[in-house]
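Hi everyone, thanks for coming. Let me put the structure up on the screen, and then we can walk through one corner of it together.

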Amino acid sequence: NSLLPERKKIFKFYNKFFSDFKWATTPMSKNEESESSYHLYMLRINEISESQRDKMIQKLYENGVGTNVHYIPMPLLTLFKNIGYDIKKYPTTYKLYSNEISLPVYNGLSDVQLQKICDAVVQSYNNI
């Protein structure tokens, strides 16, 4: 019972912060039928390439913020490449993969830490 409200607070913090930036697309958290468990915050950076995204992840790491790409499309995995899957046949999947970074979401993150993460994302975006 204590995990969900705290993760939801983190999610809302990120959404409020990144809603001010045209280059950021925030994730949806609920619809008429369901609500997220708020265990992931997958931020999309509009109009960047995969290599630019990777540079952002590296800059964030250099600033003490661990981020990653949560979902890697199956056609990019060796097993599926070896049996003939080609990412070029899945342009939407690739686009969603290439501009996504998953921000830290874990219980115990303070508002000060969340602000540091957000500021580091903006700084890394501005550096690329």
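Leaving aside residues up to four places away in sequence, which residues does Gln-52 touch? Before I answer, please keep in mind that this is a predicted model. The answer is Glu-47 and Ile-128.

So where are we? Gln-52 sits in helix H2, which covers residues 50–62. Its relative accessible area is 26%, and buried would mean under 20% while exposed would mean over 50%, so Gln-52 counts as partly exposed. Its side chain also has a polar atom that lies 2.8 Å from the backbone nitrogen of Ser-49. For a sense of distance, take Asn-15, which is 37 residues from Gln-52 along the chain: the two C-alpha atoms are 22 Å apart.

Now let's look at the helix as a whole. H2 has 13 residues, and at 1.5 Å a residue they should span 18 Å; the C-alpha atoms at its ends are 18 Å apart, so the two values agree.

Which residues of H2 are buried? They are Arg-53, Met-56, Ile-57 and Leu-60. Why do they share a side of H2? Because they cover an arc of only 100 degrees around the axis. There is a general pattern behind that spacing: an α-helix has 3.6 residues a turn, so residues three or four places apart point the same way. Turn to the other side of H2 and you find Lys-55, Tyr-61 and Glu-62, which are exposed. After the helix comes Gly-64, with a positive phi near 80 degrees.

And what lies over the buried residues of H2? The cover includes strand S2 (41–45), helix H4 (91–98), strand S3 (100–103) and helix H5 (111–127).

Let's stay with S2 for a moment. Of its 5 residues, 5 are buried. In a regular strand, side chains alternate between the two faces of the sheet. In S2, Tyr-41, Leu-43 and Ile-45 are on one side, Met-42 and Arg-44 are on the other, and both faces are covered.

S2 also has strand partners. With S1, residues 24–25, S2 pairs in the antiparallel sense over 2 bridges. With S3, the pairing is antiparallel too, over 4 bridges. A good residue to click on here is Arg-44: Thr-25 is bridged to Arg-44, and Arg-44 stands opposite Glu-100 in S3.

That's my tour, from Gln-52 in H2 to the strands that pair with S2. Thanks for listening!

How values were computed: Residues numbered from 1 in each chain as written. Predicted model: local features only at pLDDT ≥ 70, side-chain atom pairs only at ≥ 80, totals over all residues. Heavy atoms only, no water. Buried < 20%, exposed > 50% of the residue type's maximum accessible area, 1.4 Å probe, protein only. Contact = heavy atoms within 4.5 Å. Polar contact = N/O pair within 3.5 Å; in protein donor to acceptor, adjacent residues only side chain to side chain. Expected span 1.5 Å × (residues − 1). Arc of directions from axis to C-beta. Pairing = 2+ DSSP bridges.
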